[in-house]
Amino acid sequence: MSSASASSDAPEAMLEISRLEVRYGGIRALHDLSLQIPRGSIVTLIGANGAGKSTTLRTVSGLVPPTAGSIRFEGQEIGGWPAHKIVALGLAHVPEGRLVFPDLSVKENLMMGAYLRRDRKVIASDLEWVGEFFPRLRERLRQLAGTLSGGEQQMLAIGRALMGRPTCLMLDEPSLGIAPLLVELIFERLVALNRERGMTMLLVEQNASLALNVSSYAYVLETGGIHLEGSSAELKNRPEIQAAYLGH
Ligand code: ATP
């Protein structure tokens with residue numbers, strides 16, 4: 001990526017990360033990380049365990065403070081902002097591990113995602129909208145979240161993030177620990193959200209083959225920095241990606 005694109009406003013990039021650095025005490029988890037997520041695209045971030053993928057998402061969503069660099073969303077600098085202000089701008093994060101409230105019902109979990117909303121009619125319409133996308137959730141609104149299957153809990157975590165009608169969704173390992181059939185279903189829904197509703201997505205995935213199939217552009221993270229980037233179609237054909245991530 002050229003330094004010119006990192007420093008310009010790049011209006012087509014909905015989310016732009018430039019020269020980001022994050023430290024956990026003495027440990028530098030990210031360094032000189034630059035990414036661009038064009039409006040309406042699905043961009044994926046792949047990399048080995050500990051490469052810094054989750055840290056990237058957690059920093060963008062305001063859970064971890066950056067130590068240097070910039071994060072711009074819709075042209076506005078949001079680096080270091082509190083998480084609630086970032087989510088209010090329309091940038092939502094589905095964290096790794098689903099993190100639903102097991103003792104609350106599906107509906108109550110979804111309502112947690114509406115905490116920034118005041119208008120009951122808007123909340124009801126958001127609930128309807130999420131239910132249309134995930135009929136399995138609509139059928140189970142009164143069921144306790146802890147009794148859902150892993151895949152259904154992942155749908156719920158995504159549904160909760162969608163309740164505020166974000167314009168950009170960041171997903172951390174949505175396929176992790178989920179039965180293949182449900183992974184397929186979830187990804188079909190994510191692609192539909194992108195194609196039909198124009199939702200922009202930043203996807204972190206350990207299933208690189210899946211991630212490269214649904215995304216248009218990919219970044220490969222290694223020890224906290226970008227090791228490689230390119231169109232997903234191109235990266236899929238690169239021998240080093242096939243050897244390291246696609247099991248060829
Ligand atoms: P994984 O897929 O295993 O979650 P990842 O690519 O998401 O890996 P991160 O979780 O972002 O990687 O971790 C990046 C680096 O930062 C690792 O070296 C990790 O040990 C370190 N790290 C992450 N969270 C913390 C924390 N809260 N305190 C200290 N170090 C951390």
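Biologist: Which atom of the ligand does a polar side-chain atom of Asn 49 lie 3.5 Å from?
Modeller: An oxygen atom of the ligand. Keep in mind that this is a predicted model.

Biologist: OK. What about Lys 53, how does that one sit against the ligand?
Modeller: Through its backbone: a polar backbone atom of Lys 53 is 2.8 Å from a ligand oxygen. Thr 55 uses its side chain, where an N or O atom is 2.5 Å from an oxygen atom of the ligand.

Biologist: And which residues are around the ligand?
Modeller: There's a run from Ala 48 through Asn 49, Gly 50, Ala 51, Gly 52, Lys 53 and Ser 54 to Thr 55. Add Tyr 24, Ala 29, Glu 96 and Glu 173, and you have the set.

Biologist: Switching to the sheet. What's the strand order?
Modeller: β6-β7-β8-β3-β9-β10, six strands in an open sheet with mixed pairing. β6 (91-94) and β10 (225-231) are the edge strands, each pairing on one side only. On average, neighbouring strands are turned by 15° against each other, direction ignored.

Biologist: How do β3 and β9 run, parallel or antiparallel?
Modeller: Parallel, with five bridges joining β3 (residues 42-47) to β9 (residues 217-222). Leu 45 stands opposite Tyr 219 in β9.

Biologist: Which strands does helix α2 lie across?
Modeller: β3, β6, β7, β8 and β9. Helix α2 covers residues 53-60 and runs at about 145° to β7. There's also α7, which lies across β6 and β7 at about 165° to β6.

Biologist: Tell me about α7, then. Why call it largely enclosed?
Modeller: Because 12 of its 13 residues are buried. Among them are Gly 151, Glu 152, Met 155, Arg 160 and Leu 162.

Biologist: What do the buried residues of α7 pack against?
Modeller: Strands β6 and β7, plus helices α4, α5, α6 and α8.

Biologist: How does the length of α7 work out at 1.5 Å a residue?
Modeller: It agrees: the 13 residues should span 18 Å, and the end C-alpha atoms are 18 Å apart. The check works for α5 as well, where 14 residues (120-133) should span 20 Å and the end C-alpha atoms are 20 Å apart.

Biologist: Which residues of α5 are buried?
Modeller: Ile 123, Asp 126, Leu 127, Trp 129, Val 130, Gly 131 and Phe 133. Their cover includes α4 (106-112), α6 (135-138), α7 (150-162) and α8 (180-197).

Biologist: What happens at the start of α5?
Modeller: Asp 119 has a side-chain oxygen that reaches to within 2.8 Å of the backbone nitrogen of Lys 121.

Biologist: Back to β6 for a second. Is His 93 buried or exposed?
Modeller: His 93, which lies in strand β6, counts as buried because its relative accessibility is 17%, under the 20% cut-off.

Biologist: Which side chain does His 93 make a polar contact with?
Modeller: That of Ser 61, at 2.9 Å. Leaving aside neighbours within four places in sequence, the residues in contact with His 93 also include Leu 57, Arg 58, Leu 63, Ala 161, Met 170 and Asp 172.

Biologist: Last one: where does Pro 239 lie?
Modeller: In helix α11 (residues 239-245). Pro 239 is exposed, with a relative accessible area of 58%. From Val 43, Pro 239 is 196 residues away in sequence and 21 Å away in space, C-alpha to C-alpha.

Conventions:
Residues numbered from 1 in each chain as written. Predicted model: local features only at pLDDT ≥ 70, side-chain atom pairs only at ≥ 80, totals over all residues. Heavy atoms only, no water. Helix = DSSP H or I, 4+ residues; strand = E, 2+ residues; numbered from the N terminus. Expected span 1.5 Å × (residues − 1). Buried < 20%, exposed > 50% of the residue type's maximum accessible area, 1.4 Å probe, protein only. Contact = heavy atoms within 4.5 Å. Polar contact = N/O pair within 3.5 Å; in protein donor to acceptor, adjacent residues only side chain to side chain. Pairing = 2+ DSSP bridges. Axes fitted to C-alpha atoms, helices over the stretch in contact; angles between N-to-C directions. Near = heavy atom within 4 Å.
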